[in-house]
Amino acid sequence: MEVAASVATFFDKNPGEHTYSYSPPVSSPVTTSVVDQPAAIEEKPLCPQGLFPWEKNPSCCVPNPNFIGDGACDPDAPYNTEECGYDGGDCCKGTCDSGSIFGCTTKKESQFGDYGPFGFYCVDPSQEDSIVRNVCADVEKDRIGDGMCNPEYNTAGCNYDGGDCCEESCDTIHSFYQCGLGAGSFDCRDPAFVKEVETIKQTSKPSPMPTDKSVSVETTVVVTSTPAPTK
């Protein structure tokens, strides 16, 4: 049996006979200190599965953050909410960024027209053209403010179809369709413009022609007598 010289000592007793003994080195007792490691903190995802945070507000979780602030209104939640800046401002004319991809002015005939229609379902209470969400809820939201008057949305709660139904309020710059097109054409019911229209109509009426009853004509009949001829 081979034993390493560093760990074995041989003793000769008789020729040809070897015995060995092994004494392990004596070492001082080893103490091991255990340091408590902090428990790993499990980071919770910012958004539910399938949704992603908007870089400007991690509390805004949407399917595609690139849609926010692209110049085309995504009228439904979670995009058009306060947390998401009302789709990054896209859904109100006063906050929409004209330098964005769609530029807030996409027309049906433009290169991006196939992605439409686009409207302005503005529910930002700070904006003057905002609508009442809970009143104007059961609607095709992308039809509000698209330039085409929809009679069923021509109500105060829907801001008179986002202004589409009055010629004076239909926005030719931002509208997707040409103002005045469609079956409804212009059916102005907004009090801010109805009075103005009625005033114009009243002042543009021609003056009435006088009737026989309003005109008195004096006729003088002169009767002359002619003497009878003599024979």
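**Briefing: a buried aspartate, two cores and some backbone details**

D161 is found in helix α2, which covers residues 159-162. The model is predicted. The points below deal with D161, then with the nonpolar cores, and then with backbone geometry.

**D161 and its surroundings**

- D161 is buried, yet D161 has no salt bridge.
- The nearest side chain of opposite charge belongs to R143, 8.7 Å away. A salt bridge needs a side-chain nitrogen of Lys or Arg within 4 Å of a carboxyl oxygen of Asp or Glu, so R143, at 8.7 Å, does not form one with D161.
- R143 is nevertheless in contact with D161. Leaving aside neighbours within four places in sequence, the other contacts of D161 are I144, G145, M148, C149, N150, Y153, N154 and T155.
- I144 and Y153, both in contact with D161, also belong to the largest nonpolar core.

**Nonpolar cores**

- In soluble globular proteins, nonpolar side chains tend to be buried together.
- The largest nonpolar core here has 11 residues. Its members are C73, Y86, C91, Y121, V123, I131, C136, V139, I144, Y153 and C158.
- A second, separate core has six residues, including W54, C60, V62 and Y79.
- V123, a member of the largest core, touches N80, Y86, C92, S130, I131 and R133, not counting residues up to four places away in sequence. Among these, Y86 and I131 are also listed in the largest core.

**Cis peptide bonds**

- The peptide bond from A77 to P78 is cis, and its omega is near 10°. P78 has its place in the loop between β4 (57-62) and α1 (85-88).
- The peptide bond from G116 to P117 is also cis, with omega near 5°. P117 is in the loop between α1 and α2.

**Positive phi outside glycine**

- Y86 has a phi near 55°, which is a positive value in a residue other than glycine. Y86 lies in helix α1.
- Why does Y86 count as buried? Buried means under 20% relative accessible area, and Y86 is at 15% relative accessibility, so Y86 counts as buried.
- C104 has a phi near 70°, again a positive value in a residue other than glycine. C104 is found in the loop between α1 and α2.
- C104 is buried because its relative accessible area is 5%, and the cut-off is under 20%.

Terms used:
Residues are numbered from 1 along each chain as its sequence is written. This is a predicted model: local features need pLDDT of at least 70, side-chain atom pairs count only at pLDDT 80 or more; totals for chains, interfaces and linings use all residues. Side-chain values use heavy atoms; hydrogens and water are left out. Helices (H or I, at least four residues) and strands (E, at least two) are DSSP runs, numbered from the N terminus. Buried means under 20% relative accessible area, exposed over 50%, partly exposed in between (1.4 Å probe, protein chains only). Lys and Arg count as positive and Asp and Glu as negative; His and the chain ends are not counted. Contact means heavy atoms within 4.5 Å. A nonpolar core is a set of buried Ala, Val, Leu, Ile, Met, Phe, Trp, Tyr and Cys residues joined through side-chain atoms within 4.5 Å.
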